[in-house]
Amino acid sequence: NNNNNNNNNSNKSEIELERYSASDINIPRIRSESTLSEDGMQGSADVVGVETTGAGLDEEEADEAELLENAKRTTVGHVVAEYYVPFILHPITKVAVLLIFLGMFVTSIWLALQVEQGFEVVDITPDDSYVRDWSTTREELFVEPESSVGLYTRQLEYHEPRTFQLIEQYIRRVEASPQSAPPLSSWVFDFKTFYQNKSMAVVYDTDTDGYLRNRTEFYRAIDGFLKSPQYAHYTRDIVFVSGASPPQIQATRSTTLMRLARTSNEQADIVVEFGYIDKTAEINQNWENEADVPRAFAYS
C-alpha cells in the first residue's frame, strides 16, 4: 500500500507540474532515490530539487560564493576573500592595471630602440689602462675630433679625361658628406692644378675642358708632378704597375678626415653613408661583371 501511495503521489506531482511552463516558475528537477521502507522493502521516493533559472544566483555566481565561503575558513583565505579579491575586482583597479601594463609596454619599446649595437673598444680595456685616459682626454678636450680615412681607386684608365672627371666627382661627393670633416687631401686636385699651370717651364697639352689629351701626355705630367718637391709626398698615394712599359697606374689613394664616431650607431651611420656613395658613384656603374667593379674602399 505504501508503495502504491508513493507512486500515486509521484504521478500527481508530475501531472501538476505539466500545467506550468518554464517561464512561469523555476523548473523543478526531479530525481529518484532508492530508499528502504520501514518493513525493509526497497522502494523509491521522489526528491524534488529546484533549479534557479529565473531568479536567485546563477551557477557561476553560486560557485564563486562557495569558493569565498571555503576561503574564509583560514586566516589567509579570510584576508584574500575580504580585501584582496574585492580590491582586484574593483573597476578602478582594473583600469589602473591596464594603464600600468600599457605604460610598461610602451617603455619597453622605447628602451629597445635606445640599445646600441656592438660595444666600444675602450670598454674591453683594463680599468687602469692608458687607453682609457687617452680616449677620455680626446673626447673631453676636443669638441670635434676626427680620424683619417683613405679613399682608394684601382683598375682604371686614369689617363682618359672622362675617367679622371669621374674620380673628381666621386671624391667631391665624399668631401661634401656630413660624415666627412675637411680638409681633403687628394693627388687628383693638386695634379690638375700642377699641369694646368702655364707659368711653368714645361707646358702640358690639354683639351678645351682642361684635361690632358692622351696617355703619353698624362704620364709625362704625372712624372713631372711626382718629381716636384711640392708634390713629392704623393708618391705614397700613387702606385704603378711594376715593370709596365709604358707606365701604368695600378691604384691611387686620397685622404680625408672623418667625423669621429663616439657610439656604435654613429659608426653604423658612417658605414652606410660611405657605402651609399660608393654604390651610387657613376664611376662604379656600367660594368659587365660585378667582380670587376673598381669600388673605392671606405676605410684605410
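Okay, let's start on the outside: V95, L99, L102, F105, V106, I109 and L113 together make a nonpolar surface patch of about 720 Å². Keep in mind as we go that this is a predicted model.

If you want to find that patch on the screen, look for helix 4, residues 91-113; L102, one of the patch residues, lies in there.

Now let me zoom out for a second. The protein has 300 residues, and buried ones make up 25% of them. As for secondary structure, we've got nine helices and six strands. The accessible surface comes to about 21000 Å², and carbon and sulfur atoms account for 55% of that. And on contacts: if you take those with a separation of 6 or more, 57% are between residues 24 or more positions apart.

Right, one residue I'd like to walk through properly, and that's T163. You'll find T163 in helix 6, which covers residues 161-176. So, is T163 buried or exposed? The relative accessible area of T163 is 12%, and since the cut-off for buried is under 20%, T163 counts as buried.

What does the side chain of T163 reach? That would be the backbone oxygen of E157, at 3.4 Å. E157 turns up again when you list the contacts of T163: setting aside neighbours within four places in sequence, T163 touches L156, E157, Y158 and I283.

So that's the tour: from the nonpolar patch with L102 in it to T163, buried in helix 6. Happy to rotate the model if anyone wants another look.

Notes:
Residues are numbered from 1 along each chain as its sequence is written. This is a predicted model: local features need pLDDT of at least 70, side-chain atom pairs count only at pLDDT 80 or more; totals for chains, interfaces and linings use all residues. Side-chain values use heavy atoms; hydrogens and water are left out. Helices (H or I, at least four residues) and strands (E, at least two) are DSSP runs, numbered from the N terminus. Buried means under 20% relative accessible area, exposed over 50%, partly exposed in between (1.4 Å probe, protein chains only). A polar contact is a pair of N or O atoms within 3.5 Å; within protein, one must be able to donate a hydrogen and the other to accept it, and residues adjacent in sequence count only if both atoms are side-chain atoms. Contact means heavy atoms within 4.5 Å. Patches are made of residues with over 30% relative accessible area and no salt bridge: like charges are joined within 9 Å, nonpolar side chains (Val, Leu, Ile, Met, Phe, Trp, Tyr) within 5 Å. Accessible areas come from the Shrake-Rupley method with a 1.4 Å probe; for residues, only the protein chains shown count as cover. A salt bridge is a side-chain nitrogen of Lys or Arg within 4 Å of a carboxyl oxygen of Asp or Glu.
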